[in-house]
Amino acid sequence: MAELENIDTLNYYRMIDRFIKFQQDNPSMQTKTPLNKPVLNYFYRWQKAYAPFVRPDGRIVVPRQTDYVAKVDEINAVAASAKPATRAQGHAALEPWKVITPINTYHVDTKKVRAWQTNVQRFDVSPQNPSIIYAGTETGLVFKSVDKGLRWNVCAANHFFGGPVNSIEISRNNSNKVVVSSGSLVWMTTDGGTKWENITPAAFRNVFTRVHDVVIHPVDDNILLMANDRGIYKSADNGKNWKQVDSGRCFDMKYKPGDPNVLYSLITKDGTMVFCKSTNGGESFERHSLGDVSPLASGRIGVSSAPQGENYIYILACKLEGTNSFKIPFFSGSPVLFKSKDGGNQWTANENIGSQMESFDKWGGQGFYDLVVQPSPKDPETILFGLLNLYRSTNGGETITNVGGYYGKFDLHCDMQDLKVVGEETWLSTDGGIILSNDFFDNHAEPRINGIYASEFWGFDMGWNEDVMAGGRNHNGNMVQLDRYKDAAISVGGSEVSTGYVFLSNPRKVAFSDYGSCYLPDDWKEQFTPFTNYETFPLENATYGIGFEYDPRYAKSFYINRREEPKSLWKTVNDGESFVQLYTFSENVSGYAVSRVNPDVILVGTVGHIYRSEDGGKSFVLLADVPEEMRNSANYKIAIHPRNDQEFWVITHELGGLFRTRNGGTTWEKMDQNLQLPATGEKQMVSRIILTGNDKNAVYAVAGVMRTLDETYSVYRHRILYRDDTTNGWQDFSEGLPPVMTITRMLPFYKEGQIRIATNNGVWQRPLVDSDFRPVAQPIVLSAGTGENKSEEEWQFDSYSIVNQNHATWEWKFVPEPIYISDKHVRNPKVRLAADQSYDVTLTVTTPKGTDTKTVKNMIRGKKDVPTSIQGLEVLDRDVDFDRLSAASGESFRLFPRGLSQELRLTLYDAGGKVVRTLVLTPNVWQELSTSGLASGVYFYVCQSAEFKKSGRLVLR
């Protein structure tokens with residue numbers, strides 16, 4: 001990990017490859033656990049911070065910080081002067097974007113509200129009116145509740161604070177006066193959060209230094225004190241003027257309850273964190289010894305408001321151990337609990353407190369990122385403190401019990417962020433939200449997260465004909481939601497992965513690569529049924545991930561690029577129970593798309609190259625006429641026009657890097673007209689694109705520029721752009737969105753004429769500019785992955801059409817006539833077909849805006865040798881057939897290598913990756929794979945030769 005510190009000498013792509021190899025060699029590091037979390041989080045945050053600054057050759061070039069405040073001011077100025085909703089030619093004003101999920105999260109099993117929704121880094125409760133609470137998120141939003149957290153609303157949605165919220169303080173005399181710090185900036189509102197004034201000291205307007213805490217004087221709220229990486233600063237005039245009163249990196253400050261002249265601080269001096277005390281209202285600070293425990297890396301302070309407890313002070317600190325302790329933002333090390341009963345003059349140190357903690361906290365967890373400590377309002381010897389988990393002690397820390405986090409008495413979510421006591425009530429914030437306890441977390445803990453929607457989606461997918469959403473999120477695992485669940489998002493477990501897939505064959509079937517794959521019931525209060533028959537996932541990445549790319553005729557047929565073998569394109573025809581290695585390129589695959597017009601046409605982007613197949617992936621040809629400025633990309637994204645397979649658009653993930661060809665790649669044009677920020681003229685980088693295929697050729701794009709927030713966090717300033725044949729280039733389509741956000745996915749929900757985006761602040765929705773349009777018809781079979789027709793059986797057909805289904809009508813035609821069709825005029829008929837017979841299938845879709853008809857010749861193919869253009873089936877004529885995929889332990893599987901010319905080697909692995917069987921397979925001969933002596937369970941196989949590769953799973957009962 002030490003190499004990550006010197007970005008001037010490392011190559012980003014080689015570092016990612018090394019990390020992937022490390023995970024492959026160490027399977028326990030592939031999924032986040034309490035024990036490996038600090039290591040994985042350190043790398044993932046490094047990757048997240050520097051990914052936007054990577055040049056094509058892998059060098060990392062970070063922008064300077066000198067324009068930090070100017071950029072924040074520019075963003076807020078643009079947001080304040082935002083124009084009305086987008087009006088494309090001939091269209092009325094549209095509704096702005098609105099958040100649709102998560103509003104409130106529930107546990108998949110207990111059905112109770114679960115604080116697995118939003119990372120609330122800091123909050124405060126009004127001493128004047130405890131019903132009023134302000135909460136700040138890691139994603140840079142501030143929320144407010146006026147009813148003790150029963151419902152939350154965002155404050156000043158169009159205001160950009162500058163990054164993650166580091167501190168929040170409410171005046172004790174005026175609940176409308178609040179001070180918030182974010183990154184290096186300090187903001188104040190005096191009207192309850194509607195308007196915010198930048199009160200950052202002038203010395204830090206152009207120099208980054210993280211603010212860790214801001215406090216307001218308990219009596220005279222004109223007096224403010226700010227703690228940052230340079231020291232402590234005091235203002236006596238509401239932040240207009242500041243003076244430095246102490247130097248060093250200050251982590252925390254607290255006023256002594258009942259005495260506004262006494263202030264405590266934790267600040268670095270001479271290479272260690274020390275405790276300091278002011279007795280003159282913060283004019284000066286005096287160092288007080290914590291004893292022989294030194295050096296210390298970081299800490300938080302807890303003071304007591306209990307009767308006879310006003311002189312109690314607790315400090316939860318991390319020792320400075322080795323070089324890792326001072327790596328921002330962790331400052332981690334072995335935990336120490338300090339206690340003083342006399343206002344900080346004398347201290348006792350419990351250096352063995354870690355021995356009673358869970359294993360992941362024994363060495364300090366994530367250090368300052370997760371530190372909290374607070375005494376009870378009734379008894380100063382009863383305390384709460386935590387790192388990844390929260391602990392409770394009734395004897396000043398001598399003995400402790402686990403309250404919750406990864407596990408414990410309450411389902412709290414891990415990573416303790418902030419802890420406050422107001423009156424008899426105790427409030428806790430974690431990486432998942434805010435929890436209230438009326439008995440100091442003895443027997444009561446109640447999540448209050450309704451409306452705090454700032455959930456950071458890394459992965460996202462949706463249904464096509466049914467409103468299903470699924471996504472993997474930073475901090476809060478995986479969630480699913482069905483439209484009929486209303487505002488109930490369901491937490492199904494998982495960790496922090498860019499995952500989430502809704503199957504086209506069955507939209508109630510959702511998969512996640514880490515945990516939580518399940519079938520969704522009609523009512524979220526019913527049981528969610530897990531499934532385990534899908535194990536192979538595409539390369540997952542919040543910025544560059546693609547997901548499943550479907551054959552538009554067969555819902556169980558789709559393409560992926562596997563993380564384990566990123567240079568190959570893989571295909572399944574059985575909904576992912578097995579995959580065939582379709583084609584291997586010389587570079588990593590970054591993008592791929594399948595044509596709706598002709599599914600034999602597949603486009604693939606690799607590092608610096610774009611390839612085209614016209615035979616379903618059997619062979620690929622390099623597009624040689626690509627312009628020079630397109631050739632430097634390592635992360636192409638490709639979209640093919642739904643009505644014309646000769647028109648496709650390519651994203652290069654560089655500023656202004658968006659190109660279109662209308663003749664299959666012979667000539668190109670750069671589509672960057674108006675692709676710049678209006679205030680600065682900076683070109684934006686496009687990361688996602690949708691071609692609707694409507695009569696105006698409407699296109700939607702996710703575009704943005706980088707904004708550096710601090711030494712660890714950087715985010716895209718993403719916007720949604722729109723263009724069609726009637727517009728003069730690109731138009732901003734972002735009305736209603738926060739001025740700074742990261743958009744990881746953009747997907748259409750044509751069924752209702754909507755477009756949706758998954759962001760670092762929830763999932764948002766807005767009507768399409770043309771929400772009603774002439775449809776693009778497409779029949780699909782849900783129940784199959786090919787058109788192969790062996791026996792008389794019932795087939796489930798459906799529409800995979802691009803169509804707003806409001807007032808839509810359907811008409812199906814089969815040639816020859818089928819044995820039975822449930823209804824020719826429904827969207828999804830069931831059809832019984834004659835064995836061995838081939839069929840042409842026609843779907844006509846009609847809406848008030850027009851009609852479209854699509855005929856797929858030989859969509860259903862009998863086993864007789866009937867000419868067909870379905871090249872995907874011809875490719876899969878090279879396969880290894882299994883007589884079944886599940887058998888009783890001891891029974892044999894029968895295998896038939898079909899259409900192959902070389903011997904194959906089959907290797908069978910148990911669930912732990914151990915080889916348990918090998919078998920040499922002869923082409924075009926049935927052979928047996930014995931399972932004698934193998935225990936029941938799940939096994940994985942790989943069949944491989946020089947010409948072919950297939951992998952999948954087998955189950956022994």
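Which residues of β41 are buried on one side, and which on the other? S568, W570 and T572 are buried on one face, and L569 and K571 on the other. Both faces of β41 are thus covered. Buried means under 20% relative accessible area, exposed means over 50%, and partly exposed lies in between (1.4 Å probe, protein chains only).

The model is predicted: local features need pLDDT of at least 70, side-chain atom pairs count only at pLDDT 80 or more, and totals for chains, interfaces and linings use all residues. Residues are numbered from 1 along each chain as its sequence is written, and side-chain values use heavy atoms, with hydrogens and water left out.

Strand β41 spans residues 568-572, and five of its five residues are buried. Strands (E, at least two residues) and helices (H or I, at least four) are DSSP runs, numbered from the N terminus. Two strands pair if DSSP finds at least two bridges between them. Strand β40 (residues 554-560) runs antiparallel to β41, and three bridges join them. Within this pairing, Y559 stands opposite K571. Strand β42 (residues 578-584) is also antiparallel to β41, with four bridges between the two. Here S568 has T584 as its bridge partner. β41 and β42 form a hairpin with five residues between them. In the turn, D575 has a positive phi of about 60°.

Salt bridges were counted next. A salt bridge is a side-chain nitrogen of Lys or Arg within 4 Å of a carboxyl oxygen of Asp or Glu. The count comes to 46 salt bridges. Side chains of opposite charge can pair when their charged atoms come close.

K409 and D442 form one such bridge, with their closest N and O atoms 3.8 Å apart. This pair links distant parts of the chain, 33 residues apart. K409 lies in the loop between β26 (401-404) and β27 (416-422), and D442 in the loop between β29 (433-437) and β30 (446-447). D442 is partly exposed, at 31% relative accessible area.

R484 and D522 also meet in a salt bridge (3.5 Å, N to O). Their separation along the chain is 38 residues. R484 sits in the loop between β33 (477-482) and β34 (488-493), whereas D522 sits in the loop between β37 (518-519) and β38 (529-530). Both are partly exposed: R484 has a relative accessible area of 45%, and D522 one of 44%.

E628 pairs with R631, the closest N and O atoms being 3.7 Å apart. Salt bridges that share partners join D124, D252, K254, R300, D418 and K420 into one network.
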